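Dear colleague,

Please find below the structure that I am handing over to you. My findings follow it, arranged by topic, so that you can read them with the model open.

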Amino acid sequence: MWRGPASPKTLQAVGVAFGDFDNDGDVDILIMNMNEPVLLRNDVSGGGRWLKVKLIGTKSNARAIGAV
């Protein structure tokens, strides 16, 4: 069960993902509930640095899976 200040009700979570969903350089949280997903955006400004990399593979590996 998940309960917090961002949600006025108790929800049953089945999964969670962490990432920069809004592309602003900080980590956001996506909680997958039984009936509805909840996105907790991190809107705190900070002086952190980040690097975005887009990998492009060959025809046989178009998603660049396993790239080093």
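Two residues are said to be in contact when heavy atoms of theirs lie within 4.5 Å. By this rule, and leaving aside residues up to four places away in sequence, Pro 37 touches Leu 30, Ile 31 and Met 32. Please keep in mind that the model is a predicted one.

Overall composition

The chain has 68 residues, and 15% of them count as buried. Five strands are present and zero helices, so that the pattern along the sequence reads β-β-β-β-β. The accessible surface of the chain is about 5900 Å², and carbon and sulfur atoms account for 56% of that area. Consider next the contacts between residues at least 6 apart in sequence: 14% of these join residues at least 24 apart.

The sheet

Which strands make up the open sheet, and in what order? Three strands take part, in the order β3-β4-β5, and their pairing is antiparallel. The edges are formed by β3 (13-19) and β5 (37-40), each of which pairs on one side only. On average, neighbouring strands of this sheet are turned by 15° against each other, with direction ignored. As a general point, strands of a sheet pair through backbone hydrogen bonds, and the pairing may be parallel or antiparallel.

The two pairings can be described in turn. Between β3 and β4, which run antiparallel, there are six bridges. In this pairing Ala 13 stands opposite Asn 33 of β4, and Ala 17 has Leu 30 in β4 as its bridge partner. Between β4 and β5, also antiparallel, there are four bridges. Here Leu 30 stands opposite Leu 39 of β5. Leu 30 is therefore a residue to look at from both sides, since a strand pairing is defined through bridges and Leu 30 faces Ala 17 as well as Leu 39. Strands β4 and β5 form a hairpin, with three residues between them.

Asn 33 and Pro 37

Is Asn 33 buried or exposed? Asn 33 belongs to strand β4 (residues 28-33). Its relative accessible area is 6%, and because buried means under 20%, Asn 33 counts as buried. A polar atom of the Asn 33 side chain lies 2.9 Å from the backbone oxygen of Glu 36.

Pro 37, in strand β5, presents the opposite case. Its relative accessible area is 52%, and because exposed means over 50%, Pro 37 counts as exposed. Its C-alpha atom is 8.8 Å from that of Ala 13, although the two residues are 24 apart in sequence. The residues that Pro 37 touches, namely Leu 30, Ile 31 and Met 32, may be inspected alongside this pair.

The salt bridge and the loop between β3 and β4

How many salt bridges does a search of the whole structure find? The search finds one. Arg 41 and Asp 22 form a salt bridge, and their closest N and O atoms are 3.0 Å apart. The pair links distant parts of the chain: Arg 41 is in the segment after β5 and Asp 22 is in the loop between β3 and β4, 19 residues apart. Asp 22 has a relative accessible area of 28% and is partly exposed.

The loop between β3 and β4 is also the place of Asn 23. Most residues other than glycine have a negative phi. Asn 23, however, has a phi near 60°, a positive value in a residue other than glycine. At 42% relative accessibility, Asn 23 counts as partly exposed.

The segment after β5

Where does Lys 52 lie? Lys 52 is found in the segment after β5. With a relative accessibility of 57%, Lys 52 counts as exposed. Its C-alpha atom is separated by 8.9 Å from that of Gly 25, a residue 27 places away along the chain.

When you open the model, I suggest that you begin with the sheet in the order β3-β4-β5, and then turn to the salt bridge between Arg 41 and Asp 22.

With kind regards

Methods
Residues are numbered from 1 along each chain as its sequence is written. This is a predicted model: local features need pLDDT of at least 70, side-chain atom pairs count only at pLDDT 80 or more; totals for chains, interfaces and linings use all residues. Side-chain values use heavy atoms; hydrogens and water are left out. Helices (H or I, at least four residues) and strands (E, at least two) are DSSP runs, numbered from the N terminus. Buried means under 20% relative accessible area, exposed over 50%, partly exposed in between (1.4 Å probe, protein chains only). A polar contact is a pair of N or O atoms within 3.5 Å; within protein, one must be able to donate a hydrogen and the other to accept it, and residues adjacent in sequence count only if both atoms are side-chain atoms. Two strands pair if DSSP finds at least two bridges between them. Axes are lines fitted to C-alpha atoms, for helices over the stretch in contact, and angles run from 0 to 180 degrees between N-to-C directions. Accessible areas come from the Shrake-Rupley method with a 1.4 Å probe; for residues, only the protein chains shown count as cover. A salt bridge is a side-chain nitrogen of Lys or Arg within 4 Å of a carboxyl oxygen of Asp or Glu.
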